[in-house]
Amino acid sequence: MTPVLDLRRHVAAGDGVWWGQAAAEAAPLVDALYEQVGDIGPVRGFCGIAPVRRPRPEHLTVVSYGAMGELRRTAGLEVVPAHYSQLPRLFAQRLLPGDVGLVQVAPPGPDGTCSLGIGVDYAADAARWSRTLIAEINHRMPRTSGTPGIPLDRFAAVVETDRPLPVFPDRAPDDVDEAIAAHVAGLVADGDTIQLGVGSLPAAVLDGLSGHRDLGVHSGMITDGVLRLIDRGVVTGRHKEIDPGVVVTGAALGSASLYSRLGDVPIEFRPAGYTHGAAVLARLTRLVSINAALQVDLTGQVNGESVGGRYLGGVGGQADFSGAAARTGARSVIALRSTSGGASTIVPLLDGGTVTTARADVDTVVTEHGVAHLRGCPLADRPARIAAIAAPQHRETLLKGSR
């Protein structure tokens, strides 16, 4: 049984508290905060991807850069639209809750520091500016390389656990995912460096790249699909302009096998300021960004945040990577299914006017029906190209609406 920590000794009313995301969440500490916040008083909390749903207590306001994972079910969620690359600066300027950090770390190494393991991303940046850090030292958290650990004496309190990390196995792709993946694979050349998100479509894209050679990976998050490509000899990083031979990521999200193998493969975990930083990405001249969307309009603008008044995603790292790939890299790809719930995802106007990624930062749009090449394409020609990859039953209506 995990001991319960009395957070009232470390968190005061009016504080901002942040914690890690997805499998790196310090679950026992977050549970304690939810249980004790009524005694503490009003607190603002920040997290990214929430792996489990928790009923929000009255005195806790939850803030995030999007509505990822179970956060989309959180009542009263406050979304701060921000590029992922901005998070370090927002923490430094005290614009995000950051007085107290709740972190899950690996046991201290020979140097007396604790690795952030599979969740370096924004945690490494936020920790620099926190008044107080409280740690869950999980004996099953792997020690990862790429970022200095946190000295044990930096923690105001610790709880030791020996619990398995939450697993997020790839969902099996369907025929539509595989059709999209085949089109995307044709846009990636041997030796390119790729960036992808998570989900069944990115998993299908990774598997669709199994015939390529010498790919590199520089991404905000990696999954089991990247490990499969390493094992097949597809991902070598041989031609990366920076960090050659190394997969660079901020976080890992996947199976127990992925977590257990992180120390055996050339993967380095870096903070968000590095994985998403404009100056870093500009050095990857063969970068291919592959990102998903909720909607794309007939000019190439992308909505990855909300539909029908519901916030379902976030800006995240899409604009960081798409912009870099379009300006100084090889190619910016937006991939999406042509329909969702029977409605076309290719639309004349984005829902609510929400533009996550500008049309100037989109080189190609891909659906299961093909590829729309937009780089250098005049606005007048774009509706026809984009409508051609919409679901057939919606094409005529889309073209009529664009005239």
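**Figure 1. The largest cavity of this predicted model.** Let's start with an empty space: the largest cavity has a volume of about 80 Å³. Its lining is made of 13 residues, and Tyr-34, Ala-50, Val-52, Arg-54 and Leu-71 are the ones that lie nearest the centre. Sorted by class, the lining has eight nonpolar residues, one polar residue and four charged residues. A search of the whole structure finds five cavities of 30 Å³ or more.

**Figure 2. Arg-54 and its salt bridge with Asp-31.** You have already met Arg-54 in the lining of the largest cavity. Here its side chain meets that of Asp-31 in a salt bridge, with 2.7 Å from N to O. The two partners sit in distant parts of the chain, 23 residues apart: Asp-31 belongs to helix 1, while Arg-54 is in the loop between strand 2 (43-46) and strand 3 (60-64). Are these partners buried or exposed? Arg-54 counts as buried, because its relative accessibility is 14%, whereas Asp-31 is partly exposed at 33%.

**Figure 3. The second largest cavity.** About 60 Å³ of space lies in this cavity. Among the residues that line it are Ile-194, Gln-195, Leu-196, Leu-206, Val-217 and Met-221. Strand 10 and strand 12 (221-222) are the elements that give two or more residues to this lining, and the largest share, three residues, comes from strand 10. By class, the lining divides into seven nonpolar, four polar and no charged residues.

**Figure 4. The largest nonpolar core, with Ile-118 among its members.** In soluble globular proteins, nonpolar side chains tend to be buried together. The largest core here holds 99 residues, and Trp-18, Phe-46, Leu-102, Ile-118 and Tyr-122 touch the most other members. Which helix gives the largest share of this core? That is helix 1 (residues 27-40), with seven residues. Take a closer look at Ile-118: leaving aside residues up to four places away in sequence, its contacts include Ala-23, Met-141, Leu-165, Tyr-259 and Phe-269. There is also a second, separate core of 16 residues, which includes Ala-293, Ile-334, Ala-387 and Ile-389.

**Figure 5. Helix 10 and its surroundings.** Nine of the 10 residues of helix 10 (residues 318-327) are buried, so the helix is largely enclosed by the rest of the structure. Phe-321, Gly-323 and Ala-325 are among these buried residues, as are Gln-318 and Asp-320. What covers the buried residues of helix 10? The cover includes helix 8 (272-275) and helix 9 (278-281), along with strand 10 (193-196), strand 16 (287-292), strand 18 (302-303) and strand 21 (331-335).

**Figure 6. The salt bridge between Arg-131 and Asp-15.** This is one of the 23 salt bridges in the structure. The closest N and O atoms of Arg-131 and Asp-15 are 2.9 Å apart. Arg-131 lies in the loop between helix 3 (121-127) and strand 7 (132-138), and Asp-15 lies in the segment before strand 1 (16-19), so the pair ties together parts that are 116 residues apart in sequence. Arg-131 is partly exposed at 46% relative accessibility, but Asp-15 is buried at 8%.

**Figure 7. The salt bridge between Asp-190 and Arg-213.** In this pair, the side chains meet at 3.6 Å, N to O. Asp-190 counts as partly exposed, with 37% relative accessibility. Arg-213 is exposed, because its relative accessible area is 57%.

Definitions and conventions. Residues are numbered from 1 along each chain as its sequence is written. This is a predicted model: local features need pLDDT of at least 70, side-chain atom pairs count only at pLDDT 80 or more; totals for chains, interfaces and linings use all residues. Side-chain values use heavy atoms; hydrogens and water are left out. A nonpolar core is a set of buried Ala, Val, Leu, Ile, Met, Phe, Trp, Tyr and Cys residues joined through side-chain atoms within 4.5 Å. Buried means under 20% relative accessible area, exposed over 50%, partly exposed in between (1.4 Å probe, protein chains only). Helices (H or I, at least four residues) and strands (E, at least two) are DSSP runs, numbered from the N terminus. Contact means heavy atoms within 4.5 Å. A salt bridge is a side-chain nitrogen of Lys or Arg within 4 Å of a carboxyl oxygen of Asp or Glu. On a 1 Å grid over the protein atoms alone, a cavity is a set of points where a 1.4 Å probe fits but cannot get out, and a pocket is an open set with protein on both sides within 12 Å along at least five of seven lines; lining residues have an atom within 4 Å of a point. Grid points are joined across faces, edges and corners, and a volume is the space filled by probe spheres set on the points. Ala, Val, Leu, Ile, Met, Phe, Trp, Tyr, Cys and Pro count as nonpolar, Asp, Glu, Lys and Arg as charged, and the others, Gly among them, as polar.
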